[in-house]
Amino acid sequence: MLCIKSCQRIASRTAKQQHHTATAAAAATALAFKKRAFTLSSSTARPSLTPASVSTLRPLSPATTTTPTTACRVPVHYFSSSTSSTSKMAPPPASAHEFLDFVNASPTPYHAVQTATTLLKTAGFTPISERTPWTPSTITPGGKYYLTRNASSLIAFAVGSQWSPGNPIAMIGAHTDSPALRVKPVSKRTGNGYLQVGVETYGGGIWHSWFDRDLSVAGRVLVRVKEGEFEQRLVRVEKPIVRIPSLAIHLHRQSNFDPNKEEEMVPIAGLVEEILNKKADVEEKGEGEGEEEFEPLKAIDERHHSEFLKLIAKEAGVDKVEDIQDFELILYDTQKAVLGGMNDEFIFSGRLDNLDMTFCGVKALIESVKEEKALEKETAIRLVACFDHEEIGSLSAHGADSNLLPAVLRRLSVIPGAKGQQQVESNETAFEQTLAKSFLISADMAHAVHPNYAGKYERNHQPQMNKGTVIKINANQRYATNSPGIVLVKECGRRKKVPLQLFVVKNDSPCGSTIGPMLSAKLGVRTLDLGNPQLAMHSIREMGGSWDVEYAVGLFEGFLSGYGGMEGGLVVD
């Protein structure tokens, strides 16, 4: 009898255990399905988190819940209430998608300036020229303007309605160029049956990253429209036309890949065939037309492959190759910039350094004046400057080390104020007064900590993506940041609820530099260096955070719109 009851108890316990196991398995399956459904939907439709879904999730940081998301640029990060370590990030903001459009439309500095000016025109900014006088009727308080130099540098600004000569100017400086390969003046090369295009390295790129990529060309072309008259036209060949293939590992067993930039980085453009050896379609002179016109340089079809020229001529909209007088063409990766990561938390793109900051600066300026009365009480000028040639030292007629910004500031400093506004006693010192009161944010991308090389970073200064814009500091003034500047930018971040991070290099590591120190020294303007964190800087394909775009736009907007009121609260002479 005892044995029978024992067997019954054992059977009962076994049945209960099987029931609990089945129930737990079913719950785990349902939870996995829910997680899978959320992951798939967040990567395609990018749904917003509804109140119902928020109630089942716990915020990663309690601080993020104190302010409604409508009043705060900080995204809410979530993770499941279970023990899973997989985090869920809010869908990327609209500004991240706008940046993708911007960078995809901007394979060269010329295109970046063109894209930026299109945004500015749409926002009501008026083009002006350095070549003409800036009379009171040209630039007036309450107006919005922009100008370009060399079609590769840009300055845009909005004048406060309460402006007076000698008042401050809130400035953001960035750059439009990135490391690249530029087509040589004589690019025609052949080797072992291949057509090749000679290129020259521009800046300090991670050149091995340019191998095995689908490359094309873009830039500007100078064409003859009629005798003695020439016109610049932007071109971009959409399809891949050149490639730099790697050498097979069977023929190259070395662990380090450091290609010779002159001989081993020559792109292949095609195969040598009879039709490709012919000259481009140039009209031949008939008999009795006299001697050929003297040309100081070799004909362009003698310097470049004919088929290559035909592609450029088609993009430039000219019928004859001989109408092309010269060009500046840059190779670019045809792969589009995209959002990436399991929750679209990353941006995979070329030219993040520094089109990310260029876009954020222009976007912030537009956002700061979009309201009809945005400039009504403004006493300052809000300005964004985007320079070419930063990657090669900025020493050019349109780089940050030129007279571009000083010349513009000098002309702006003496703009008459609105009717009835008090003027300075003498405009002779207005320029110096404006410089003493102004502030420049030098915006250039920063280094995010790399998980595979964390030892390369100072242990207490390891910026992370999507954790905010990075303030860059260097005791040897490779960056222009100092404590008053940090206090000012921190106040801007506090007002706009934008997080910030700090970065210094290790004492045993070299430190890069920016346009900040040179402009600070040239102008005597208070300056701070900062930038969004990224990985793979100077690679053909870089990596940044999708939410950091929104952070920078918010920070810059707060600085531009608020500096006029904050300037007098932090004077350190």
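Two strands count as paired here if DSSP finds at least two bridges between them. Keep that in mind for the views below, which all come from a predicted model.

**View 1. The whole chain, for orientation.**
Before zooming in, here is the parts list: the chain has 13 helices and 23 strands. Buried residues account for 47% of its 573 residues. If you take contacts between residues at least 6 apart in sequence, 77% of them join residues at least 24 apart.

**View 2. The nine-stranded open sheet, from edge to edge.**
Nine strands make up this open sheet, and they line up as β4-β5-β6-β16-β7-β17-β21-β19-β20 with mixed pairing. Its edge strands are β4 (126-127) and β20 (500-503), each of which pairs on one side only. Helix α13 (residues 546-566) packs on this sheet and touches β7, β16 (381-387), β17, β19 (469-472), β20 and β21 (526-531). The direction of α13 makes about 150 degrees with that of β7.

**View 3. Inside the nine-stranded sheet, β7 beside β17.**
β7 (residues 169-175) and β17 (residues 439-443) run parallel, with four bridges joining them. To find your place, pick out Ile172, whose bridge partner in β17 is Ile441.

**View 4. β19 and its partner β20.**
What stands opposite Thr469 in β20? Leu500 does. The two strands, β19 and β20, pair in the parallel sense over four bridges. Look along β19 and you'll see Thr469 and Ile471 pointing one way, while Val470 and Lys472 point the other way. Whichever way they point, these four residues are buried, Lys472 included.

**View 5. The five-stranded open sheet and the helices on it.**
This open sheet has five strands in the order β14-β15-β23-β22-β18, again with mixed pairing. β14 (338-340) and β18 (446-447) sit at the edges with a single partner strand each, so one side of each has no neighbour in the sheet. Further in, β22 (residues 533-535) and β23 (residues 542-545) run antiparallel and are joined by two bridges. Leu535 is the residue to look for there, standing opposite Met543 in β23. Two helices are worth a look in this view. α3 packs on the sheet by touching β14 and β15 (346-349), and its direction makes about 135 degrees with that of β14. α8 packs on the sheet too, touching β15, β22 and β23, with its direction at about 35 degrees to that of β23.

**View 6. β13, a strand with plenty around it.**
Seven of the 10 residues of β13 are buried, so the rest of the structure largely encloses this strand. β10 (residues 215-226) pairs with β13 in the antiparallel sense, over nine bridges. Leu222 stands opposite Asp326 in β13, which gives you a handy landmark.

**View 7. The largest cavity.**
The structure holds two cavities of 30 Å³ or more, and the largest has about 440 Å³ of space in it. Its lining takes in 38 residues, with Pro107, Ser178, Ala180, Ile330 and Arg351 lying nearest the centre. At least two lining residues come from each of α3 (94-104), α4 (109-122), β8 (180-191), β13 (324-333) and α8 (352-368). Which of these elements gives the most to the lining? That's β13, with five residues. By class, the lining of the largest cavity divides into 15 nonpolar, 12 polar and 11 charged residues.

**View 8. The second largest cavity.**
About 70 Å³ of space lies in this one. Phe439, Pro484, Gly485, Leu488, Arg526, Tyr563, Met566, Glu567, Leu570 and Val572 line the second largest cavity. α11 (483-496) and α13 are the elements that give two or more residues to this lining, and α11 has the largest share with three. The lining of the second largest cavity has seven nonpolar, one polar and two charged residues.

**View 9. The second largest pocket.**
The second largest pocket has about 820 Å³ of space. Of the 31 residues lining this pocket, His447, Tyr479, Pro510, Gly512 and Met537 are the closest to its centre. The lining of the second largest pocket comes out as 14 nonpolar, nine polar and eight charged residues.

Terms used
Residues are numbered from 1 along each chain as its sequence is written. This is a predicted model: local features need pLDDT of at least 70, side-chain atom pairs count only at pLDDT 80 or more; totals for chains, interfaces and linings use all residues. Side-chain values use heavy atoms; hydrogens and water are left out. Contact means heavy atoms within 4.5 Å. Axes are lines fitted to C-alpha atoms, for helices over the stretch in contact, and angles run from 0 to 180 degrees between N-to-C directions. On a 1 Å grid over the protein atoms alone, a cavity is a set of points where a 1.4 Å probe fits but cannot get out, and a pocket is an open set with protein on both sides within 12 Å along at least five of seven lines; lining residues have an atom within 4 Å of a point. Grid points are joined across faces, edges and corners, and a volume is the space filled by probe spheres set on the points. Ala, Val, Leu, Ile, Met, Phe, Trp, Tyr, Cys and Pro count as nonpolar, Asp, Glu, Lys and Arg as charged, and the others, Gly among them, as polar. Buried means under 20% relative accessible area, exposed over 50%, partly exposed in between (1.4 Å probe, protein chains only).
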